[in-house]
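Visitor: I am new to this structure and would like a close look at a single part of it. Could you choose one helix, set it in its surroundings, and then follow the links that lead away from it?

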Amino acid sequence: VIYGTSSVELTEIILEVAEKIGLRVLAGYVCMDQNIESICPGLQTSSEEAVRSTRGLLEKYGKEKIFACDRFPIAVGSHTRQQISNDAREHGALFETHVDEADGKDGEKDIHEKIYGTRSIIGTLDADGVFASGSRVGLAHGIHTNDEEMQLIARRIQDGCKVFIRACPNSNAQLASHF
């Protein structure tokens with residue numbers, strides 16, 4: 001089972017229950033340190049708390065049970081993402097995020113541009129070191145990732161980063177973001 005939550009306590013409970021019943025779980029603590037009204041308002045933590053919690057879970061449970069996750073690049077600041085992706089790389093753990101899911105007016109790319117000055121979420125992830133050699137990166141969606149960004153990902157794969165892009169047709173259909 002792959003499970004993600006913004007609660008450290010629930011992450012630990014899930015792992016403890018899974019251990020008791022013999023279920024293999026890969027759990028992700030979902031970090032959010034920027035307040036974006038359209039994305040789970042009220043679940044944000046400070047950058048320090050997000051980093052400390054992710055690091056603590058990785059150290060306690062290891063890469064076989066924990067993945068590092070920023071909710072969306074628009075919900076996590078570059079400083080936090082840099083530290084979390086670096087910790088994931090150091091532990092050999094997966095770093096997971098959502099990218100290029102919606103591209104409508106006032107959607108993900110518009111919000112991203114207001115925060116980071118660019119519509120390229122992949123470019124921001126790259127600038128933050130997410131695709132560094134030795135990293136394992138999961139990208140959910142990617143339906144609005146353009147050819148130039150795909151070529152950037154391909155170069156980072158050649159440089160030694162492992163990248164997994166997951167299509168999420170049910171989610172995309174519910175959001176009417178594409179099919």
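**A close look at helix 6**

Guide: The accessible surface of the protein chain comes to about 9,100 Å², and carbon and sulfur atoms hold 52% of that surface. The model is a predicted one, and its protein chain contains 7 helices and 6 strands, which follow one another along the sequence in the pattern β-α-β-α-β-α-β-α-α-β-α-β-α. Of the 179 residues in the protein chain, 45% are buried. Among contacts with a separation of 6 or more, 72% are between residues 24 or more positions apart.

The part to look at is helix 6, which runs over residues 147–158 and has 12 residues. From its first C-alpha to its last, helix 6 reaches 16 Å, close to the 16 Å expected at 1.5 Å a residue. The buried residues in helix 6 are Glu149, Leu152 and Ile153. These three cover an arc of only 100° around the axis, which puts them on the same side of helix 6. A general point about α-helices helps here: with 3.6 residues a turn, residues three or four places apart point the same way. Turned away from the buried side is a face of helix 6 that carries the exposed residues Asp147, Glu148 and Gln158.

What do the buried residues of helix 6 pack against? Their partners are helix 4 (108–116), helix 5 (121–127), strand 5 (136–141) and strand 6 (162–166).

Glu149 deserves a second look, since this residue of the buried side of helix 6 also forms a salt bridge with Lys109, in which the closest N and O atoms are 4.0 Å apart. The pair links distant parts of the chain, with Glu149 in helix 6 and Lys109 in helix 4, 40 residues apart. Glu149 counts as buried because its relative accessibility is 5%, and Lys109 is likewise buried, with a relative accessible area of 5%. Lys109 forms a salt bridge with Asp100 as well, and there the closest N and O atoms are 3.2 Å apart; Asp100, too, is buried. In general, side chains of opposite charge can pair when their charged atoms come close.

These pairs belong to a wider set, for a search of the whole structure finds 14 salt bridges. Another of them joins Glu64 and Arg24, whose closest N and O atoms are 3.8 Å apart. Glu64 lies in the loop between helix 2 and strand 3, while Arg24 lies in the loop between helix 1 and strand 2, so the pair ties together parts that are 40 residues apart in sequence. As for their surroundings, Glu64 is partly exposed, with a relative accessible area of 47%, whereas Arg24 is exposed, with a relative accessible area of 61%.

For comparison with helix 6, consider helix 1, which has 14 residues and reaches 20 Å from its first C-alpha to its last, close to the 20 Å expected at 1.5 Å a residue. Its buried residues are Thr11, Leu15 and Ala18. They cover an arc of only 65° around the axis, and this puts them on the same side of helix 1. The partners against which they pack are strand 1 (2–5), strand 2 (26–31), helix 2 (47–61) and strand 3 (66–70). On the face of helix 1 turned away from its buried side are the exposed residues Glu9, Lys20 and Ile21. Ile21, with a relative accessible area of 60%, is also part of a nonpolar patch on the surface, together with Val1, Leu10, Ile13, Val17 and Leu23, and the patch has about 530 Å² of accessible area.

One last stop is Ala88, which lies in helix 3 (residues 78–91) and counts as buried at 1% relative accessibility. Leaving aside residues up to four places away in sequence, Ala88 touches Leu58, Ala68, Ala93, Leu94 and Phe95. Its C-alpha atom is separated by 8.1 Å from that of Arg136, a residue 48 residues away along the chain.

Conventions. Residues are numbered from 1 along each chain as its sequence is written. This is a predicted model: local features need pLDDT of at least 70, side-chain atom pairs count only at pLDDT 80 or more; totals for chains, interfaces and linings use all residues. Side-chain values use heavy atoms; hydrogens and water are left out. Helices (H or I, at least four residues) and strands (E, at least two) are DSSP runs, numbered from the N terminus. Buried means under 20% relative accessible area, exposed over 50%, partly exposed in between (1.4 Å probe, protein chains only). Contact means heavy atoms within 4.5 Å. Accessible areas come from the Shrake-Rupley method with a 1.4 Å probe; for residues, only the protein chains shown count as cover. Patches are made of residues with over 30% relative accessible area and no salt bridge: like charges are joined within 9 Å, nonpolar side chains (Val, Leu, Ile, Met, Phe, Trp, Tyr) within 5 Å. A salt bridge is a side-chain nitrogen of Lys or Arg within 4 Å of a carboxyl oxygen of Asp or Glu. The expected span of a helix is 1.5 Å times one less than its number of residues. The arc is that of the directions from the helix axis to the C-beta atoms.
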